[in-house]
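Trainee: I would like to take one close look at this structure with you, beginning with a single chain and then moving to the spaces and contacts around it.

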Amino acid sequence: MTLWQEFSKGIVRENPVLKILLGFCPTLAVTTLVINALGMGAATTFVLVSSNLAIALVARFIPENVRIPCYIVIIATFVTVVELLIQAFSPALNAALGIYIPLIVVNCIILGRAEAFASKNPVLPSILDGLGMGLGFTFALVILASIREIFGNGTWLGFNVIGIEGFSPILFFALPPGAFLGLGLLIALVSAYQRKR
Amino acid sequence: MNDILAIIIGGIFVNNVIFIKFMGLCPYIGVAKRIDTAVGMSLGVLFVITLASTITFFINYAVLVPFNIEFMRTVTFILVIAALVQMVELVVRKLSSTLYNALGIYLPLITTNCAVLGVALLAIKNDYNFWQMLAYAVSSSLGFGLALIIFAGIRTKLDSADIPLPFRGVPIALIVASILAMAFMGFSNMVK
Amino acid sequence: MRGVIVMTIIGIIAALTMAVANNLTQGPIAAAKGRTKYEALQEIFPFKIASVKDSESNGVVFFEVSGTKGESASALELGTTQGYAGLIEVLIGFDADCNILDYKVVTHSETPGLGDKITQDDFRAQFRGKGLKNFDWRVNKDGGDVDAVTAATISSRAISGALERGLKLFAEKYPNKCAGSKKE
């Protein structure tokens, strides 16, 4: 695989949410607004890239039996750093994402990439893999958030996009059931498209 | 006493971990294929969430707060949970082989179940006292179990249904979850 | 044995990294919190705020706000866990008659698009100028005067409950100033 492929595979072909079906918890929870999806995507990408980098560097020194605890400590460290940074520089995002920021630790995508990729590959491909997967995750989040924000709130990224007089948002999409339905339909769509080809 | 009751009803129905808080979805989609495995997983989660929340509660107020190192909460909690799951697995294996056969395979999966970390963190974030925390942990895991068992029941029926190909597997599970979440939202006026 | 050593080293490096990050961000986090509070107070009071003095008693923070032209007013902040999705913290500003001037929700995790309507102007407007005497602080569903947000009765109840509690606490804290406005 070329470096470009290592980077690009996570965005569409092996999209962590829509194809590999991981990380549903943050995907469903924060996608009420596009801005929250972007914030969560950026935070997760940061953690993915830095933990992939750190693990690619140290993996060969870690004995097999303490592998997972070591990875968890490394990931949790970067999550804490991100949490502190968000608290310091974007209190509004901190209030919106709340408990789902520390929960990045248990996002299966991150431990999954550490195990499946970073522990077996050199530094540069690992960084690109993390970046690609992070962007793919963000991409999936933004699509779902766009559906939910446009129908559930009548806006996109805070701008009023539905210019119809008397439009009343379909609250269903802003609520938990709308999140489940939206993601279910998205994944079905991706799978139907794949079958067609 | 009233607030304990509110927390319990809230944990099971109103703020159901799966349908409203979106935590613990991996086992919901992966494990809940048959009712007996769903029951086994629920029992394992009930045990781990209750124990983990209690331990992390004391660690938080006896270590993290006095030493002013609350920024290490995430890393401490996740390590405690991982260690706890390992220990529970060892103890269960020693104590009873029937219990181990019933729960054993679910235990490793629980570490990455975000409901465990989520409940432990929320108990601290909501400023619960000990009894409130306990009520919250037990009722959240009961809510988790309820969701898992309901879904496993539906899934046994889904197996014989004629579902369009692209919807098979995860998409239909999410759509079922959507309908169940709507039902659970009906509980939202239960607690005053 | 090697496992233990490696884990310890990683643990120490991780702890150091977090400690450094914590040290570096502590200042900005405190500043951000202060700024949020200041902005919230500024949104409540119609005059330009010059200084804020805060004091805490029993988990409730009281604010003495002075304006640039010598105005003065008071506010308090309290939390309630009666909301739909956990803790709601409100900052309540009072007018000269010890009635509600306005309030601002500082943190909440209510459902976006539904429960979060409690932060919006249409809902807040009904409380302005209301005190313990001239208002029934129950939601209309329970026979009171509060127009609850459609489909978000719990969030509405949490807010009106917090405001009522705020009024009582405020009257207790300033018994002289609020004499006559306290419910018998």
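How many helices and strands are there in chain C? Please go on from there to the interface and the enclosed spaces.

Mentor: Bear in mind throughout that this is a predicted model. Chain C holds three helices and five strands, and along the sequence these elements follow the pattern α-β-β-β-β-β-α-α, with the five strands of the chain written one after another in that pattern. The chain has 184 residues, of which 45% count as buried. Its accessible surface comes to about 9,200 Å², and carbon and sulfur atoms account for 54% of that surface. As for how the chain is connected, of the contacts between residues at least 6 apart in sequence, 45% join residues at least 24 apart.

From chain C one can pass to its partner, chain A, where 24 residues of chain A are in contact with 21 residues of chain C. The area buried between these two chains is about 1,800 Å², and carbon and sulfur atoms give 81% of it. Within the part that chain A buries against chain C, T77(A), L84(A) and A88(A) supply 23%, which is more than any other three residues.

Turning to the enclosed spaces, a search of the whole structure finds three cavities of 30 Å³ or more. The largest cavity has a volume of about 100 Å³, and among the 15 residues lining it, those closest to its centre are C25(A), V106(A), C108(A), C26(B) and C114(B). Two elements give two or more residues each to this lining, namely α2 (24–29) of chain A and α2 (25–30) of chain B. By class, the lining of the largest cavity divides into ten nonpolar and five polar residues, with no charged residue.

The second largest cavity encloses about 70 Å³ of space, and its lining consists of I72(A), I75(A), V105(A), V106(A), N107(A), C108(A) and L111(A) together with I78(B), T111(B) and T112(B). The elements giving two or more residues to that lining are α4 and α6 of chain A, and by class the lining has seven nonpolar and three polar residues and, again, no charged ones.

One of the residues lining the second largest cavity, N107(A), deserves a separate look. N107(A) sits in the loop between α5 (91–97) and α6 (108–118) of chain A, and it counts as buried because its relative accessibility is 4%, where the cut-off for buried is under 20%. Once its neighbours within four places in sequence are set aside, N107(A) is in contact with G23(A), P26(A), T44(A) and F137(A).

Finally, consider an open space, the second largest pocket, whose volume is about 400 Å³. It is lined by 17 residues, and those closest to its centre are I68(A), P69(A), I72(A), A82(B) and Q86(B). The elements that give two or more residues to this lining are α4 (67–89) of chain A along with α4 (73–95) and α6 (107–111) of chain B, and the largest share, six residues, comes from α4(B). In the lining of this pocket there are ten nonpolar, four polar and three charged residues. I72(A), listed among the residues closest to the centre of the pocket, also appears in the lining of the second largest cavity.

How values were computed. Residues are numbered from 1 along each chain as its sequence is written. Chains are lettered from A and ligands numbered from 1 in the order in which they are written. This is a predicted model: local features need pLDDT of at least 70, side-chain atom pairs count only at pLDDT 80 or more; totals for chains, interfaces and linings use all residues. Side-chain values use heavy atoms; hydrogens and water are left out. Helices (H or I, at least four residues) and strands (E, at least two) are DSSP runs, numbered from the N terminus. Buried means under 20% relative accessible area, exposed over 50%, partly exposed in between (1.4 Å probe, protein chains only). Contact means heavy atoms within 4.5 Å. Accessible areas come from the Shrake-Rupley method with a 1.4 Å probe; for residues, only the protein chains shown count as cover. On a 1 Å grid over the protein atoms alone, a cavity is a set of points where a 1.4 Å probe fits but cannot get out, and a pocket is an open set with protein on both sides within 12 Å along at least five of seven lines; lining residues have an atom within 4 Å of a point. Grid points are joined across faces, edges and corners, and a volume is the space filled by probe spheres set on the points. Ala, Val, Leu, Ile, Met, Phe, Trp, Tyr, Cys and Pro count as nonpolar, Asp, Glu, Lys and Arg as charged, and the others, Gly among them, as polar. Buried area is the accessible area (1.4 Å probe) that two parts lose on being put together, summed over both.
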